[in-house]
Structures are given as structure tokens and as C-alpha cells.
Amino acid sequence: QAFELRAVDPGGVAAGLGFGDNTRASLITRGLAETARLGIALGADVTTFAGLAGLGDLVATCSSPLSRNRTFGEHLGQGMSVAEVEQITRQTAEGVKSCRSVLDLARAHGVDVPITEAVVRVCHEGESAAQMVREMMSREAKPE
């Protein structure tokens, strides 16, 4: 069973803020752990997340300049608002629309999803992208 979680890319936000590869790698790693926790709670096979549908998709989303989620995140990291990014790109990254539903799903299953929570705060509650990345990078280290 495949499981996919799309969100505005915090790695893109980090790139837009000028952070380097190590910060982006940390966020990708934490994003994979978060996606796997939710997927497993929903009945997905844990090995799915090590393959193309998991890690492969996440790396492409977080690395490709063609990724709408990464591009959207980069613009947010450069200080633009969600409305401004939507206006200049003329498209919505699916993560802007789906992040609240994913958060609701995670809460309904008792799954900790701090990246999704942070994306919701940025996209729908006015938190700055810079604050989001600071919060993500200051989280206590876990076995991710």
C-alpha cells in the first residue's frame, strides 16, 4: 500500500532563507520520519517509505526546482506571504490546501506531526517561515 504526504516543502523554505544542505537534509530526514509515522498508523507497510513512493518522492519534492512545493517553500522563505506566492506562481502547491486535512488525520490517529503543524501555522495562521525553520531545527534530537 502506497502512502504519500505532500506539504509545502520546509526544505524549500530553508533554501529560501539561505540555509545549506545539512539543514535541508535534517528537514528531509524528519519529514520522512513524520510521513512514515502517519502512514504506519494508517496501515501502510513500513518498507514503502524506503522506496520510490517514500524517500524517492520526498527527495524529488525537496530538491527539484520543478517541484511546486519546493518553489512555494522557497518563496515563503524569501519573506513572501502565501497570497503573494500564489499570485506570482499562478498555482497553488497542493500542500497549502492539504496540510490542514493531513493535520486533522494525524490528530485523529494520535500521530505527532510537527512539520505538518508548522506548515499549517505558516500557510493558514500567519507564522513566518523563518520562525518555522528555527522551530524545526531546535527540536530535540530523536531516533530519526
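## Close-up views of a predicted model

**Figure 1. Where helix H2 meets helix H3.** Arg24, Ile28, Gly31 and Leu32 on the H2 side touch Gly54, Leu55, Leu58, Cys62 and Ser63 on the H3 side. Sorted by class, this contact holds 5 nonpolar, 3 polar and 1 charged residues. Please keep in mind as you look through these views that the model is predicted. Two packed helices are described by the angle between their axes and by the distance between those axes. For H2 and H3, the axes come within 10 Å and cross at roughly 140°. The two helices are therefore oblique to each other. The crossing in which H2 passes H3 is right-handed.

**Figure 2. The loop between H2 and H3.** Let us follow the chain from one helix towards the other. Asp45 sits in the loop between H2 and H3, and Thr47 also lies in the loop between H2 and H3. Is Thr47 buried or exposed? Thr47 is exposed, because its relative accessible area is 53% and exposed means over 50%. Asp45 has a relative accessible area of 40%, so Asp45 counts as partly exposed. You can also compare sequence with space here. Thr47 and Ala36 are 11 residues apart in sequence, and their C-alpha atoms are 9.3 Å apart in space. Asp45 and Val59 are 14 residues apart along the chain, with 19 Å separating their C-alpha atoms.

**Figure 3. Helix H2 against helix H7.** H2 appears again here, this time with H7. The axes of H2 and H7 come within 8 Å and cross at roughly 105°. That angle makes H2 roughly perpendicular to H7. Which residues of the two helices meet? From H2 come Leu27, Arg30, Gly31, Glu34 and Arg37, and from H7 come Pro114, Ile115 and Thr116. By class, the contact of H2 with H7 has 3 nonpolar, 2 polar and 3 charged residues. Look for Gly31 in both views of H2: Gly31 meets residues of H3, and Gly31 is also among the H2 residues that meet H7.

**Figure 4. Helix H4 packed on helix H5.** H4 covers residues 68–77 and H5 covers residues 82–89; they pack at an angle of about 130°, and their axes are 9 Å apart. That makes H4 oblique to H5. H4 passes H5 in a right-handed crossing. Phe72, His75 and Leu76 are the H4 residues in this contact, and their partners in H5 are Val82, Val85, Glu86, Ile88 and Thr89. Sorted by class, the contact has 5 nonpolar, 2 polar and 1 charged residues.

**Figure 5. The largest nonpolar core.** In soluble globular proteins, nonpolar side chains tend to be buried together. How many residues does the largest nonpolar core have here? The core has 26 residues, and those with the most contacts inside it are Phe72, Leu76 and Met132. At least two core residues come from each of H1 (10–16), H2 (21–41), H4, H5, H6 (94–108), H7 (114–125) and H8 (129–138). H7 gives the most to this core, with 6 residues. You have already met two of the best-connected core residues, because Phe72 and Leu76 also take part in the contact of H4 with H5.

**Figure 6. Gly12 in its surroundings.** The last stop is a single glycine. Gly12 belongs to helix H1. With a relative accessible area of 0%, Gly12 is buried. What is Gly12 in contact with, leaving aside its neighbours within four places in sequence? The answer is Arg70, Gly73 and Glu74. Another residue to find is Arg24, which is 12 residues from Gly12 along the chain. The C-alpha atoms of Gly12 and Arg24 are separated by 7.9 Å. Arg24 may look familiar from Figure 1, where Arg24 is one of the H2 residues that meet H3.

Key:
Residues numbered from 1 in each chain as written. Predicted model: local features only at pLDDT ≥ 70, side-chain atom pairs only at ≥ 80, totals over all residues. Heavy atoms only, no water. Axes fitted to C-alpha atoms, helices over the stretch in contact; angles between N-to-C directions. Helix = DSSP H or I, 4+ residues; strand = E, 2+ residues; numbered from the N terminus. Parallel < 35°, antiparallel > 145°, perpendicular 65-115°, else oblique. Left-handed = near helix turned anticlockwise from the far one by under 90°. Contact = heavy atoms within 4.5 Å. Nonpolar A, V, L, I, M, F, W, Y, C, P; charged D, E, K, R; others polar. Core = buried A, V, L, I, M, F, W, Y, C linked by side-chain atoms within 4.5 Å. Buried < 20%, exposed > 50% of the residue type's maximum accessible area, 1.4 Å probe, protein only.
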